[in-house]
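Got your viewer open? Let's take a walk through this model together, one selection at a time.

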Amino acid sequence: MFLVLAVLVDWESGGLTPERAALWALLGGAVFALLLPPRVVAGEGWLEVRTLARRRRVRTDALVTVQHSGAIAARLILCDAFGGRAEVDPRVLAANPLLWHRLDTDAGRARRRGTLRAGVDVLRRLEEQISGDQAWAVFTFSGLIQRPGSGSGTRPGSSDA
C-alpha cells in the first residue's frame, strides 16, 4: 500500500522517473520487511518462530531455560537442551490460547523430566496474566462487568455500598 501511494503521489507531481520508481520499490520492500510480524507455529514438542530471514525452532518438551527480556518490547526467550533458541512476543501467546496451551503443556513435560532448570516462575507469571486477561474477556463479553476505566462497571467482589 505504501508503495502504491508513494508512486501515485510522485507520478501526480510529475517527478516519477524509473530511478525514483525503483527507489520507491526499495523503500516499500523495506517497510514491508520491518512491519511484517514473525509467524509463530507449534506442534507437539516444538515451537517455531518464522521471519523473512530465518526460522528458529526450539524443543518445548526439552526446555532448559525460559527468560523474560525487555520492558517495552517484551520477549520470552526459550532455550532447549539441544541448543535451540527462539524469542516470542508474550502477546502472541496471550492472543492465541491454543499456542499458549501447547507451550504450557510441553513446558510441564520438561519440568517433570527435570530439564527445565530456570524460568518456571516466568511461565507461572505469564500463565496468571493470560488467565486473568481471558477471564476479563469472558466477563466483559458476557456483559457481567466492564474493564476498569471503561465505564460504570464494577469488578467482581467489589461493592457499591
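The tour starts with the whole chain and then moves from one selection to the next.

**Stop 1: the whole chain**

Before selecting anything, keep in mind that this is a predicted model. Show the cartoon and colour it by secondary structure: the protein has five helices and six strands. Following the sequence from its start, you pass through the pattern α-α-β-β-β-β-β-β-α-α-α.

Now switch on a surface. About 10,800 Å² of the protein is exposed, and carbon and sulfur atoms supply 59% of that area. Of the 161 residues in the protein, 28% are buried. If you like contact maps, here is a number to go with yours: among contacts between residues at least 6 apart in sequence, 37% join residues at least 24 apart.

**Stop 2: the helix pair H1 and H2**

Select residues 2-13 for helix H1 and residues 18-35 for helix H2. Two packed helices are described by the angle between their axes and the distance between the axes. Here the axes come within 9 Å and cross at roughly 155°. Angles over 145 degrees count as roughly antiparallel, so H1 and H2 are roughly antiparallel to each other. The crossing of H1 and H2 is right-handed.

Next, show side chains where the two helices meet. On the H1 side, pick Phe2, Leu3, Ala6, Val7 and Asp10; on the H2 side, pick Arg20, Trp24, Ala25, Leu27, Gly28 and Val31.

**Stop 3: Val41 in strand S1**

Move on to strand S1, residues 39-43, and select Val41. Is Val41 buried or exposed? Val41 is buried, as its relative accessible area is 15%, and the cut-off for buried is under 20%.

What does Val41 touch beyond its neighbours within four places in sequence? The contacts are Trp46, Leu47, Glu48, Arg50 and Leu99. For a distance check, draw a line from the C-alpha of Val41 to the C-alpha of Arg57: the two residues are 16 apart in sequence and 9.5 Å apart in space.

**Stop 4: a network of charges**

Two of those contacts of Val41, Glu48 and Arg50, lead straight to this stop. Side chains of opposite charge can pair when their charged atoms come close. In the model, the count comes to 11 salt bridges.

Select Glu48, Arg50, Arg55 and Arg57 together, and you have a network of linked salt bridges. Zoom in on the pair Glu48 and Arg50, where the closest N and O atoms are 2.5 Å apart. The two partners differ in burial: Glu48 counts as buried at 6% relative accessibility, whereas Arg50 is partly exposed at 23%.

**Stop 5: two more salt bridges**

Select Arg59 and Asp61. Their salt bridge has its closest N and O atoms 2.9 Å apart. Asp61 is buried, with a relative accessible area of 8%, while Arg59 is partly exposed at 36%.

Then select Arg75 and Asp89, whose side chains meet in a salt bridge at 3.9 Å, N to O. This pair links distant parts of the chain, 14 residues apart: Arg75 sits in strand S5 (residues 75-80), and Asp89 sits in the loop between strand S6 (85-88) and helix H3 (90-95). Arg75 is partly exposed, with a relative accessible area of 30%, and Asp89 counts as buried at 14%.

**Stop 6: Gln67 in strand S4**

Keep Arg75 on screen and add Gln67, which is found in strand S4, residues 63-69. Leaving out residues up to four places away in sequence, Gln67 touches Arg75, Leu76, Ile77 and Val122. The last of these contacts is 55 residues away along the chain, yet the C-alpha atoms of Gln67 and Val122 are separated by 6.7 Å. Gln67 is partly exposed, with a relative accessible area of 42%.

**Stop 7: Ser131 in helix H5**

Finish with helix H5, residues 120-142, and select Ser131 within it. Ser131 is partly exposed, with a relative accessible area of 39%. Where should the final distance line go? Draw it to Ala94: Ser131 and Ala94 are 37 residues apart along the chain, with their C-alpha atoms separated by 8.7 Å.

Notes: Residues numbered from 1 in each chain as written. Predicted model: local features only at pLDDT ≥ 70, side-chain atom pairs only at ≥ 80, totals over all residues. Heavy atoms only, no water. Helix = DSSP H or I, 4+ residues; strand = E, 2+ residues; numbered from the N terminus. Buried < 20%, exposed > 50% of the residue type's maximum accessible area, 1.4 Å probe, protein only. Contact = heavy atoms within 4.5 Å. Areas by Shrake-Rupley, 256 points an atom, 1.4 Å probe, with all protein chains shown as cover. Salt bridge = Lys/Arg side-chain N within 4 Å of Asp/Glu carboxyl O. Axes fitted to C-alpha atoms, helices over the stretch in contact; angles between N-to-C directions. Parallel < 35°, antiparallel > 145°, perpendicular 65-115°, else oblique. Left-handed = near helix turned anticlockwise from the far one by under 90°.
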